[in-house]
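Open the model in your viewer and keep the selection box at hand. Each stop below says what to pick and what you will find there.

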Amino acid sequence: MYDGPDWGDRRPGQPFFAQVHLPGGKHRGRSLESFWQISDRVEKLLGSRTEPSRVKLPPYYPNDPVLLADWAAYLDSVRLTDKFVGDVIGRLEEEGDLEDTVVLFMTDHGISHARGKQFLYDEGLHVPLVIAGPTIEPGQVRDDLVEHIDIAALSLALAGIEIPERMHSRDLLGEDYEERTAIFAARDRCDETVDYIRALRTTRFKYIRNFLPDRPHLQPNLYKDGKSILIALREAHAAGTLDETQQLLFAPTRPGEELYDLTADPFEVRNLAGDPQHAAELKKLRKRMDEWIERTNDHGAESEAMYDSDMASYSARVSANPESAAILSRNIALMRRWAAEGK
């Protein structure tokens with residue numbers, strides 16, 4: 001069996017599975033200075049850059065200079081990633097392996113932003129998936145719903161390994177593949193910030209259940225709150241310059257249920273959960289979520305003991321930075337207080 005850091009170290013002709021991690025959106029960093037640096041790098045490498053003035057933000061974000069620069073840097077990081085993927089493809093071709101290799105490109109989540117990474121709106125859930133290989137006809141575009149977990153079954157099938165019946169994953173390229181009529185998603189604690197959200201998405205509707213509705217969307221979080229984009233958003237909120245849609249981010253509480261018609265409202269800003277005309281759809285998706293929770297034995301939020309254990313480890317990692325350690329300590333104390341209050 002081959003096991004190593006580079007497929008070039010294997011025996012001639014030996015099959016291999018390689019997982020190549022690229023920085024992707026992390027290229028753009030966290031600060032305004034780093035946004036300009038990645039765009040400078042892309043311009044030198046690819047001959048052009050994405051100008052913030054040409055960026056069109058979703059309606060729930062203000063046209064703040066920091067947010068525009070961040071989004072432009074993100075688009076440039078996509079271009080840079082495309083270049084790096086091309087380098088990998090080029091190496092496979094140069095070494096004579098491309099014609100015998102299935103290449104899959106995907107990302108772990110959407111853009112790291114206030115409504116993106118760590119949340120269950122499409123900004124966080126909708127990720128690219130591109131597959132090419134000797135048995136795949138090029139140029140095809142599929143619009144069926146796929147879950148991240150499906151990559152596991154696909155990988156097993158390509159390697160000729162039988163897919164265990166207990167797996168929820170599906171082989172996307174299998175002859176007996178059945179398209180999903182819905183995908184499910186979950187968000188729990190991220191770093192020190194406790195949350196508990198589940199979502200169901202069909203081709204037209206998104207149903208979100210907030211199990212901790214008395215908490216704000218933008219709960220304190222050491223990792224995210226240090227980003228220039230979050231600082232700019234909070235400053236705009238404090239200055240009263242956000243419109244009604246942009247203010248949704250700063251609501252002190254969340255609805256227990258959210259329902260969005262993605263055809264009419266692709267940005268998910270008009271919650272239809274209280275609309276009598278959509279009561280039947282809400283009831284149907286609510287029931288489907290209940291069934292999924294039971295079928296998958298979803299345990300929900302972690303125990304208090306697990307939280308305390310992880311926070312002890314996390315606090316130790318940031319202890320060298322007094323400012324970060326103080327912020328983290330306050331955030332942890334707040335999470336514990338809210339939990340004690342049943343919030």
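**The sheet.** In this predicted model, select β3, β4, β5 and β6. These four strands make an open sheet in the order β3-β4-β5-β6, with antiparallel pairing. Look at the edges: β3 (183-187) and β6 (257-261) each have a single partner strand, so one side of each has no neighbour in the sheet. From one strand to the next, the twist averages 15°. Strands of a sheet pair through backbone hydrogen bonds, so display those next.

**From β3 to β4.** Select β3 alone. Is it mostly covered or not? Four of its five residues are buried, so the strand is mostly covered. Now add β4: five bridges join the two strands, which run antiparallel. Click Phe184 and find Leu200 in β4 standing opposite.

Between these two strands is a loop, and Asp191 is in it. Check its backbone: the phi of Asp191 is near 55°, a positive value in a residue other than glycine. Asp191 has a relative accessible area of 28%, so it counts as partly exposed.

**From β4 to β5.** Select residues 197-201 for β4 and 205-210 for β5. Five bridges pair them in the antiparallel sense. Pick Ala199; its bridge partner in β5 is Ile208.

**The helix across the sheet.** Add α7, residues 279-295. Helix α7 lies across β3, β4, β5 and β6, and runs at about 60° to β5. Go on into the loop between α7 and α8 (304-318), where you will meet Asn297. Asn297 also has a positive phi, near 55°, and is not a glycine.

**Helix α1.** Move to residues 32-46. This helix has 15 residues and spans 21 Å from its first C-alpha to its last, close to the 21 Å expected at 1.5 Å a residue. Which of its residues are buried? Select Ser34, Phe35, Ile38, Ser39 and Val42: these are buried in α1. They cover an arc of only 135° around the axis, so they sit on the same side of α1. An α-helix has 3.6 residues a turn, so residues three or four places apart point the same way.

Turn to the other side of α1, where Glu33 and Lys44 are exposed. Then go back to the buried residues and show what covers them, including α2 (65-94) and α6 (228-239). Finish at Gly47, which follows α1 and has a positive phi near 95°.

**The cores.** Select Leu57, Tyr61, Leu67, Leu233 and Leu249. They have the most contacts inside the largest nonpolar core, a set of 27 residues. Helices α1, α2 and α6 each supply at least two residues of this core. The most come from α2, which gives nine.

Zoom in on Tyr61. Beyond residues up to four places away in sequence, Tyr61 touches Leu67, Trp71, His113, Ala114, Arg115, Gly116, Glu123, Leu233, Gln246 and Leu249. Another core, of 13 residues, lies apart from the largest one; Val194, Val318, Met335 and Trp338 are among its residues.

**Last stop: Thr81.** Return to helix α2 and pick Thr81. Is Thr81 buried or exposed? Its relative accessibility is 9%, so Thr81 counts as buried, the cut-off being under 20%. Setting aside residues up to four places away in sequence, Thr81 touches Leu22, Gly24 and Phe105.

Conventions
Residues are numbered from 1 along each chain as its sequence is written. This is a predicted model: local features need pLDDT of at least 70, side-chain atom pairs count only at pLDDT 80 or more; totals for chains, interfaces and linings use all residues. Side-chain values use heavy atoms; hydrogens and water are left out. Two strands pair if DSSP finds at least two bridges between them. Axes are lines fitted to C-alpha atoms, for helices over the stretch in contact, and angles run from 0 to 180 degrees between N-to-C directions. Contact means heavy atoms within 4.5 Å. The expected span of a helix is 1.5 Å times one less than its number of residues. Buried means under 20% relative accessible area, exposed over 50%, partly exposed in between (1.4 Å probe, protein chains only). The arc is that of the directions from the helix axis to the C-beta atoms. A nonpolar core is a set of buried Ala, Val, Leu, Ile, Met, Phe, Trp, Tyr and Cys residues joined through side-chain atoms within 4.5 Å.
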